[in-house]
Amino acid sequence: MPKLISTVTYERQLVKIIGKHPNLREHYAKTLRLLEVNLHHPFLRLHQLQVKLASYYSVSINMKYRIMIDFIFKDDHILLISIGSHQDQGI
(Lines give C-alpha, C1' and ligand atoms only; values in the text may rest on other atoms or scores of the structure.)
Protein backbone atom coordinates (compact mmCIF):
# COMPACT_ATOMS: atom_id res chain seq x y z
CA MET A 1 0.00 0.00 0.00
CA PRO A 2 1.51 3.36 -0.98
CA LYS A 3 2.22 6.04 1.55
CA LEU A 4 0.83 9.54 0.94
CA ILE A 5 3.23 12.43 1.47
CA SER A 6 2.61 16.13 0.87
CA THR A 7 4.46 19.38 0.38
CA VAL A 8 4.20 22.50 2.53
CA THR A 9 2.56 24.28 -0.41
CA TYR A 10 -0.03 21.53 -0.67
CA GLU A 11 -0.84 21.76 3.03
CA ARG A 12 -1.38 25.53 2.75
CA GLN A 13 -3.65 25.08 -0.27
CA LEU A 14 -5.61 22.38 1.58
CA VAL A 15 -6.26 24.61 4.62
CA LYS A 16 -7.42 27.42 2.33
CA ILE A 17 -9.77 25.26 0.24
CA ILE A 18 -11.29 23.36 3.17
CA GLY A 19 -11.75 26.67 4.99
CA LYS A 20 -13.68 28.11 2.04
CA HIS A 21 -15.52 24.88 1.21
CA PRO A 22 -16.04 22.77 4.39
CA ASN A 23 -18.45 20.56 2.46
CA LEU A 24 -15.41 19.12 0.61
CA ARG A 25 -14.05 17.56 3.81
CA GLU A 26 -15.92 14.25 3.38
CA HIS A 27 -15.10 13.89 -0.33
CA TYR A 28 -11.47 14.79 0.39
CA ALA A 29 -11.21 12.09 3.08
CA LYS A 30 -12.73 9.51 0.70
CA THR A 31 -10.27 10.51 -2.02
CA LEU A 32 -7.27 10.00 0.29
CA ARG A 33 -8.57 6.60 1.47
CA LEU A 34 -9.00 5.43 -2.12
CA LEU A 35 -5.53 6.69 -3.09
CA GLU A 36 -4.07 4.44 -0.43
CA VAL A 37 -6.11 1.30 -1.12
CA ASN A 38 -7.28 1.40 -4.76
CA LEU A 39 -5.60 3.97 -6.96
CA HIS A 40 -7.63 2.84 -9.99
CA HIS A 41 -11.06 3.20 -8.38
CA PRO A 42 -13.40 4.97 -10.85
CA PHE A 43 -14.32 7.63 -8.25
CA LEU A 44 -10.78 9.03 -8.49
CA ARG A 45 -10.80 9.53 -12.26
CA LEU A 46 -7.01 9.15 -12.28
CA HIS A 47 -5.45 10.58 -15.42
CA GLN A 48 -2.14 11.88 -16.64
CA LEU A 49 -1.97 15.60 -17.21
CA GLN A 50 -1.09 17.12 -20.56
CA VAL A 51 1.59 19.33 -22.12
CA LYS A 52 3.70 21.20 -19.53
CA LEU A 53 2.38 19.09 -16.62
CA ALA A 54 2.65 15.73 -18.42
CA SER A 55 4.91 14.21 -15.78
CA TYR A 56 2.10 14.53 -13.19
CA TYR A 57 -1.29 12.95 -12.63
CA SER A 58 -4.59 14.20 -11.28
CA VAL A 59 -7.32 12.58 -9.17
CA SER A 60 -10.74 14.04 -8.48
CA ILE A 61 -12.19 15.12 -5.17
CA ASN A 62 -15.41 16.05 -6.94
CA MET A 63 -16.23 17.40 -10.40
CA LYS A 64 -14.62 20.77 -9.64
CA TYR A 65 -11.67 20.08 -7.34
CA ARG A 66 -8.61 17.95 -8.03
CA ILE A 67 -5.39 16.82 -6.42
CA MET A 68 -2.27 16.87 -8.57
CA ILE A 69 -0.01 13.96 -7.69
CA ASP A 70 3.29 12.37 -8.60
CA PHE A 71 4.45 8.82 -8.00
CA ILE A 72 7.72 7.96 -6.31
CA PHE A 73 8.06 4.32 -7.30
CA LYS A 74 11.32 3.63 -5.48
CA ASP A 75 9.78 4.22 -2.07
CA ASP A 76 6.14 3.41 -2.98
CA HIS A 77 4.97 6.94 -2.19
CA ILE A 78 2.35 9.16 -3.73
CA LEU A 79 3.36 12.81 -3.50
CA LEU A 80 0.43 15.22 -3.07
CA ILE A 81 1.62 18.30 -4.97
CA SER A 82 -1.31 20.63 -5.42
CA ILE A 83 -5.01 20.85 -4.62
CA GLY A 84 -7.52 23.11 -6.31
CA SER A 85 -9.81 23.59 -9.28
CA HIS A 86 -8.73 23.22 -12.89
CA GLN A 87 -8.22 26.98 -13.06
CA ASP A 88 -6.20 27.08 -9.81
CA GLN A 89 -3.82 24.40 -11.05
CA GLY A 90 -3.56 25.48 -14.66
CA ILE A 91 -4.99 22.12 -15.74
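**Reading a fold outward from Y28**

Reader: Let's start with one residue. In which helix does Y28 lie?

Author: Y28 lies in helix 2. Keep in mind that we are looking at a predicted model.

Reader: And is Y28 buried or exposed?

Author: The general idea is to compare relative accessible area with a cut-off: under 20% is buried, and over 50% is exposed. Y28 has 12% relative accessibility, so it counts as buried. Another residue of helix 2, R25, makes a nice contrast, because its relative accessible area of 52% puts it in the exposed class.

Reader: Which residues does Y28 touch, leaving aside those up to four places away in sequence?

Author: Y28 touches Y10, L14, I61, I67 and I83. A C-alpha separation is another kind of reading: Y28 and L79 are 51 residues apart in sequence, with their C-alpha atoms 15 Å apart in space. For R25 and S82, the values are 57 residues in sequence and 16 Å from C-alpha to C-alpha.

Reader: How do I go from one buried residue to a core, and which members of the largest nonpolar core touch the most others?

Author: The general idea is to link buried nonpolar residues through their side-chain atoms. Here the largest nonpolar core has 22 residues, and those touching the most other members are Y28, L35, I67, I69, I78, L80 and I83. At least two residues of this core come from each of helix 1 (8-20), helix 2 (25-37), strand 4 (65-72) and strand 5 (77-85).

Reader: What does L35 touch, again leaving out residues up to four places away?

Author: L35 touches P2, L4, L44, V59, I69, I78 and L80. There is also a second, separate core, made of five residues, including L49, L53, M68 and I81.

Reader: Let's zoom out. What pattern do the helices and strands follow along the sequence?

Author: Count the elements, then read their order. The protein has three helices and five strands, and along the sequence they run β-α-α-β-β-β-β-α.

Reader: How do I judge the overall packing, and what radius of gyration does the protein have?

Author: The idea is to compare the value with a rule for globules. For 91 residues, a compact globule would have a radius of gyration near 12 Å, and the protein agrees because it has 12 Å. Its C-alpha trace spans about 35 × 30 × 25 Å along the principal axes. Buried residues make up 40% of the 91. Of the contacts between residues at least 6 apart in sequence, 42% join residues at least 24 apart.

Reader: Now the surface. What share of the exposed area comes from carbon and sulfur atoms?

Author: The protein exposes about 5,700 Å², and carbon and sulfur atoms supply 56% of that. For charges, one can compare mean positions: those of the 12 positive and 7 negative charges are 8 Å apart.

Reader: One last feature: backbone angles. What is the phi of R45, and where is R45 placed?

Author: Look for positive phi at residues other than glycine. R45 has a positive phi of about 50° and is placed in the loop between helix 2 and strand 2 (47-48). V51 is also not a glycine, and has a positive phi of about 50°; V51 lies in the loop between strand 2 and strand 3 (57-60).

Reader: How are R45 and V51 classed by accessibility?

Author: R45 is partly exposed, because its relative accessible area is 34%. V51 is exposed, because its value is 77%.

Note on methods. Residues numbered from 1 in each chain as written. Predicted model: local features only at pLDDT ≥ 70, side-chain atom pairs only at ≥ 80, totals over all residues. Heavy atoms only, no water. Core = buried A, V, L, I, M, F, W, Y, C linked by side-chain atoms within 4.5 Å. Buried < 20%, exposed > 50% of the residue type's maximum accessible area, 1.4 Å probe, protein only. Helix = DSSP H or I, 4+ residues; strand = E, 2+ residues; numbered from the N terminus. Contact = heavy atoms within 4.5 Å. Rg over C-alpha atoms; globule rule 2.2 N^0.38 Å. Areas by Shrake-Rupley, 256 points an atom, 1.4 Å probe, with all protein chains shown as cover. Lys, Arg positive; Asp, Glu negative; His and termini not counted. Charge placed at Lys NZ, Arg CZ, Asp CG, Glu CD.
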